[in-house]
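Visitor: I would like to learn how to read a protein structure, feature by feature. Could you take me through this one slowly?

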Amino acid sequence: ETATPSGRYAAFPAGCAATATVCPRSLLEAASDADLNPGTRLFRWSARVRVTKAQLGGSSNVLQKGVAGTGSQWKMQVGATQGRAQCVVTGTGSATAYVARSAATVADGVWHKVLCQRSGATLAVFVDGVQRGQTAIPPTLSISNTLPLRVGGPNFNARRDMYHGAVDDVYAELG
């Protein structure tokens, strides 16, 4: 399927062979903004994804703002083992990552709308409008950093955490 509600989408390069010396890679980046730093407030981030199990090469980061271990972060990824949508948050000053995993795969080659929501003491993942997983988080967990929002990977690593599928309708919503 190539049609999405917008009719347009971004497709990221295929993963590299283990023996490759040159790797095509791509990501989209937006500068840090106060509205992308929710602190402890209600926050949602979402994207439509189309990816197959064969396109997964490790955890595939669809959206990410911040880096674990260097402050705080929020991100959406597709897990390497079972292709489940995952929402991840790490609070300022903490090394603990909290992960909400969907109950079923999204790595089936079909478009899926994945939505992550942080609300009070809950981090939830929704797939195609239905809540498919959640985890408890400290209600005081604060997310704020000066790093950019990246779509398609955390940085330009050739083989680690890059997303190799298609993405559309990316957004983040505060409050």
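Visitor: Leaving aside its neighbours within four places in sequence, which residues is Arg-44 in contact with?

Guide: Before I answer, please keep in mind that this is a predicted model, in which local features need pLDDT of at least 70 and side-chain atom pairs count only at pLDDT 80 or more, while totals for chains, interfaces and linings use all residues. Residues are numbered from 1 along each chain as its sequence is written, and side-chain values use heavy atoms, with hydrogens and water left out. Contact means heavy atoms within 4.5 Å, and on that basis Arg-44 is in contact with Leu-115, Cys-116, Gln-117, Tyr-171, Ala-172, Glu-173 and Gly-175, once neighbours within four places in sequence are set aside. With Gly-175 there is also a distance to report, since the backbone oxygen of that residue lies 3.2 Å from a polar atom of the Arg-44 side chain. A polar contact is a pair of N or O atoms within 3.5 Å; within protein, one must be able to donate a hydrogen and the other to accept it, and residues adjacent in sequence count only if both atoms are side-chain atoms.

Visitor: In which strand does Arg-44 lie, and how does one read a sheet?

Guide: Strands of a sheet pair through backbone hydrogen bonds, either parallel or antiparallel. Strands (E, at least two residues) and helices (H or I, at least four) are DSSP runs, numbered from the N terminus, and two strands pair if DSSP finds at least two bridges between them. Arg-44 lies in strand β3, which belongs to an open sheet of six strands in the order β1-β12-β3-β8-β9-β10, with antiparallel pairing. β1 and β10 (130–136) stand at the edges with a single partner strand each, so one side of each is left without a neighbour in the sheet. Between β3 and β8 there are seven bridges, in the antiparallel sense, and Trp-45 stands opposite Cys-116 in β8.

Visitor: Is Cys-116 buried or exposed?

Guide: Buried means under 20% relative accessible area, exposed over 50%, and partly exposed in between, with a 1.4 Å probe and protein chains only. Cys-116 has a relative accessible area of 0% and is therefore buried. The C-alpha atoms of Cys-116 and Trp-45 are separated by 5.3 Å, although the two residues are 71 residues apart along the chain.

Visitor: Which residues have the most contacts inside the largest nonpolar core?

Guide: In soluble globular proteins, nonpolar side chains tend to be buried together. A nonpolar core is a set of buried Ala, Val, Leu, Ile, Met, Phe, Trp, Tyr and Cys residues joined through side-chain atoms within 4.5 Å. The largest one here has 31 residues, and those with the most contacts inside it are Trp-45, Val-62, Leu-63, Trp-74, Met-76 and Val-89. Among the strands that each supply at least two residues of this core are β4 (60–66), β6 (84–90) and β9 (122–127), while β3 gives the most, with four residues.

Visitor: How many residues of β4 are buried, and which strands does β4 pair with?

Guide: Seven of the seven residues of β4 are buried. Six bridges join β4 to β5, and these strands run antiparallel; one example is Asn-61, which stands opposite Gln-77 in β5. The same two strands form a hairpin with six residues between them, and Gly-69 in the turn has a positive phi of about 85°. β4 also pairs with β11 in the antiparallel sense over three bridges, where the bridge partner of Gln-64 is Arg-150.

Visitor: How many aromatic pairs does a search of the whole structure find?

Guide: A pair of aromatic rings is described by the distance of the centres and the angle of the planes. Rings of Phe, Tyr and Trp (its six-membered ring) pair if their centres lie within 6.5 Å; planes under 30 degrees apart count as stacked, over 60 as edge-to-face and the rest as tilted. The search finds five pairs. One of them joins Tyr-9 and Trp-111 edge-to-face, at 5.3 Å centre to centre with 65° between the planes. This pair links distant parts of the chain, with Tyr-9 in the segment before β1 (10–11) and Trp-111 in the loop between β7 (97–105) and β8 (112–119), 102 residues apart. Tyr-9 is partly exposed at 32% relative accessible area, whereas Trp-111 is buried at 10%.
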